[in-house]
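Grab a coffee and open the viewer. Here are a few exercises to work through, each followed by a solution in steps.

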Amino acid sequence: MQTLSEMRLKLVKSSEVGEENETSEESSKALLTVDEYYQHAEQYAREIRKTHDVNEIIRILDAVLSETRDLHQSDEMSNSRQKISDTEQKIESLRHELALIRELVHTDQMTGLFNRRGLDEHFIREAARADRSKNPLCIILIDLDNFKEINETYGYPFGDNVLISLARIMKNALRPTDVVARYGGEEFVILLPDTEINDAVRIIQRLQRMLVSNPVLNADNQPVSVTISCAVTLRQTDEHQHTVIKRVDEALFRAKNIGLSQIEVAL
């Protein structure tokens, strides 16, 4: 990150070169504006070097970009406008690249769902919103039944297709505000904002029916029906993510011991 910051500061410094030899009152005024901008840029660079949070870095770059645009629009900076435009474009490009990196870091590459890191970020956000609004937040934990046997019988590429198919079904069946993440292996977590337990159970039942009615084709082009067992719980006010996941995980264990395609509610 330090290298990126130094690159940006070098770009900013370049806008001062044409101003240093000016002697008029107008050019002195412009030089002061550049100095102020440069001081701010140095402060932003220090902030970037202190953080490893991509979201925070993007926020800082947004601030730099805003000040660069303000400088670009100033009548005092007409002689340096092209340099400022170049700086603006490079900052915007850097911000875009960091946004792509953030997306990759938070996404499971096979299914396109959020991974654990992405789930953690969205859980914090949804939990805070639920606490503010006093609205319910349900958490579902899903496990594909007999997934080890599926891989051994039909091969790992088929198992991958099963995971991808389930991910597609969940994305199509759920609301845009719901959060779906691959928790690990054949386990998935769904966050359902503004949803009570009874409604969450109905959502699980719909997912189970959709999965059975949309079987995955094996190497012989024959449909193979798979099932999921699920557990669901209602997060309590101010409850930490680890506590919620532990409770729903224990409920899923009970569901798996009962049989296939089970639903267990953790109160």
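**Exercise 1.** Which residues does Asp 145 touch, not counting residues up to four places away in sequence?

*Solution.* Bear in mind that you're looking at a predicted model.

- Start by placing the residue: Asp 145 sits in the loop between S1 and H6.
- Now list its partners. Asp 145 touches Ile 150, Thr 227, Ile 228, Ser 229, Lys 256, Leu 260 and Ser 261, with residues up to four places away left out.
- Next, pick out the polar contacts. The side chains of Asp 145 and Thr 227 are joined by one of 2.6 Å, and the Asp 145 side chain also reaches the backbone nitrogen of Ser 261 at 2.9 Å.
- Finally, check exposure. The relative accessible area of Asp 145 is 3%, and the cut-off for buried is under 20%, so Asp 145 counts as buried.

**Exercise 2.** Turn to the other side of that 2.6 Å contact and work out where Thr 227 lies and what is in contact with it.

*Solution.*

- Thr 227 belongs to the loop between strand S5 (223-224) and strand S6 (228-234).
- Setting aside neighbours within four places in sequence, its contacts are Asp 143, Leu 144, Asp 145, Leu 211, Val 212, Leu 260 and Ser 261.
- For a distance check, try Met 210: Thr 227 and Met 210 are 17 residues apart in sequence, and their C-alpha atoms are 9.9 Å apart in space.

**Exercise 3.** Describe how H6 and H7 pack.

*Solution.*

- Take the geometry of helix H6 (residues 147-154) and helix H7 (residues 156-173): the angle is about 135° and the axes are 7 Å apart.
- Name the arrangement: H6 and H7 are therefore oblique to each other.
- Then find who meets whom. From H6 come Phe 147, Ile 150, Asn 151 and Tyr 154; from H7 come Tyr 156, Phe 158, Gly 159, Val 162 and Leu 163.
- Sort that contact by class, and you get 7 nonpolar, 2 polar and no charged residues.

**Exercise 4.** Follow H5 from end to end, then look at its buried residues.

*Solution.*

- Begin with length: H5 (residues 116-133) has 18 residues and spans 25 Å from first C-alpha to last, close to the expected 26 Å.
- At the N-terminal end, Asn 115 acts as a cap, with a side-chain oxygen 3.1 Å from the backbone nitrogen of Arg 117.
- Just past H5, Lys 134 adopts a positive phi of about 60°.
- The buried residues are Gly 118, Leu 119, His 122, Phe 123, Glu 126, Ala 127, Ala 130 and Asp 131.
- Why that spacing? In an α-helix there are 3.6 residues a turn, so residues three or four places apart point the same way.
- The buried residues of H5 pack against strands S1, S2 and S3 and helix H9.

Note on methods
Residues are numbered from 1 along each chain as its sequence is written. This is a predicted model: local features need pLDDT of at least 70, side-chain atom pairs count only at pLDDT 80 or more; totals for chains, interfaces and linings use all residues. Side-chain values use heavy atoms; hydrogens and water are left out. Helices (H or I, at least four residues) and strands (E, at least two) are DSSP runs, numbered from the N terminus. The expected span of a helix is 1.5 Å times one less than its number of residues. Buried means under 20% relative accessible area, exposed over 50%, partly exposed in between (1.4 Å probe, protein chains only). Contact means heavy atoms within 4.5 Å. A polar contact is a pair of N or O atoms within 3.5 Å; within protein, one must be able to donate a hydrogen and the other to accept it, and residues adjacent in sequence count only if both atoms are side-chain atoms. Axes are lines fitted to C-alpha atoms, for helices over the stretch in contact, and angles run from 0 to 180 degrees between N-to-C directions. Angles under 35 degrees count as roughly parallel, over 145 as roughly antiparallel, 65 to 115 as roughly perpendicular and the rest as oblique. Ala, Val, Leu, Ile, Met, Phe, Trp, Tyr, Cys and Pro count as nonpolar, Asp, Glu, Lys and Arg as charged, and the others, Gly among them, as polar.
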